[in-house]
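Welcome! Please take a look at the sequence and the 3D structure below before reading on.

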Amino acid sequence: MGEDFARLPQRRGQSAELSANTNRASRPRWPDARHYAALDLGTNNCRLLIARPQGPGFAVVDAFSRIVRLGEGLATSGELSDAAIDRTLAALRICADKLRKRNVSLARSVATEACRRATNGSAFIARVRDETGIMLDIITAEEEARLAVLGCHALLEPGDGPALVFDIGGGSTELVLVDTRTTVPTVIDWHSAPWGVVSLTEASAAGAASGESLATLYARMRDLVTTSFAPFAARVGMPVGTPRLLGTSGTVTTLASVHLGLSSYDRSVIDGLIVPTGAMRAVSARLAGLDLNERAQVPCIGHERADLVVAGCAILESILDIWPAERLGIADRGIREGILRRLMQGGA
């Protein structure tokens, strides 16, 4: 019961409460508990986490995740499309229903790169408020990076010297160099690149020549990302000592699942896993050499991720170039957990 929140898998928190209340279905599950919620609306995904305080951390009460591709077509048009908005509103209505049913007392909902970039981002936020009651806050790239670190830093391996935490999103990638000598890691430097799995995929497709090889396409992706990382790489230099690296995103959890040969995704296996970076490069090279249909047949990728996973591979390999760690920590947690920690500690 006193387990730190960062070590508490979502399904354990849920199953323990369900089993403890099997015979009390007519009564409120936690009549005296205060429920908190964090909603993260990204360029590609809509994720909700509802939890209650437990010891120094929290136990998950309910969760929701759906690929909505809010930023689809944004790189070309500069605005959120009607279809993307409709998909996202459908997911947010489910979130709003869960918030009501769980009697959430305090929540924070944030939107990231797609809404930051879209010319109609503010209008979309207003529509979400009017139609669902959810008040989305468009946060800066810096706050996005800090929340991600706050949510996953407990999975950093012990060690001396700065560590690099990264979050590969749909519309951007955040790199955060942290000093881990403090209880909550101190941010030394950070960088937000305008390339996530959606934005990089669309930009590369738009510039592709007819009949271009998969290898050429992948090389162009890598060049775009490497260029965007260059200012950060120049500032931080090469790591001293044993580099530590922790990634939080669908890209790293998916590639780790492929590395393990899982038939379906299993958070309890992936969250907190340490993988040799050489193995992650090998998986990336393998996937980059497959066509769309072949990638869709790979377990844990499927049709939903097949068109975006190669961009994630290109971004990951570019990160490994500037921070050549031998091992990569995998986190299936991030912004939502960071928000919950702040809320439960009395922060905004």
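This report covers a pocket first and then a sheet with its neighbouring helix.

## About the model

What you see is a predicted model, so please read everything below as a description of that prediction.

## The largest pocket

Let us begin with empty space. Rolling a probe the size of a water molecule over the atoms shows where such space is left. In this model, the largest pocket has a volume of about 980 Å³. It is lined by 42 residues, and the closest to its centre are Asn-45, Arg-47, Ser-65, Ser-249 and Gly-250.

Which strand or helix gives the largest share of the lining? That is β3, with 5 residues. At least two lining residues each come from β2 (45-54), β3 (57-67), β6 (163-168), α9 (250-260), α13 (302-305) and α15 (335-344). Sorted by class, the lining holds 18 polar, 13 charged and 11 nonpolar residues.

## A sheet of 6 strands

Strands of a sheet pair through backbone hydrogen bonds, either parallel or antiparallel. Here, an open sheet with mixed pairing follows the order β8-β7-β6-β9-β11-β10. At its edges lie β8 (186-193) and β10 (274-276), each pairing on one side only. On average, neighbouring strands are turned by 25° against each other, direction ignored.

For a look inside the sheet, find β9 (residues 244-248) and β11 (residues 327-331): they run parallel and are joined by 3 bridges. Thr-248 has Ala-331 in β11 as its bridge partner.

## The helix on the sheet

Helix α8 (residues 214-236) packs on this sheet, where it touches β6, β7 (173-179) and β8. The direction of α8 makes about 160° with that of β8.

Methods: Residues are numbered from 1 along each chain as its sequence is written. This is a predicted model: local features need pLDDT of at least 70, side-chain atom pairs count only at pLDDT 80 or more; totals for chains, interfaces and linings use all residues. Side-chain values use heavy atoms; hydrogens and water are left out. On a 1 Å grid over the protein atoms alone, a cavity is a set of points where a 1.4 Å probe fits but cannot get out, and a pocket is an open set with protein on both sides within 12 Å along at least five of seven lines; lining residues have an atom within 4 Å of a point. Grid points are joined across faces, edges and corners, and a volume is the space filled by probe spheres set on the points. Helices (H or I, at least four residues) and strands (E, at least two) are DSSP runs, numbered from the N terminus. Ala, Val, Leu, Ile, Met, Phe, Trp, Tyr, Cys and Pro count as nonpolar, Asp, Glu, Lys and Arg as charged, and the others, Gly among them, as polar. Two strands pair if DSSP finds at least two bridges between them. Axes are lines fitted to C-alpha atoms, for helices over the stretch in contact, and angles run from 0 to 180 degrees between N-to-C directions. Contact means heavy atoms within 4.5 Å.
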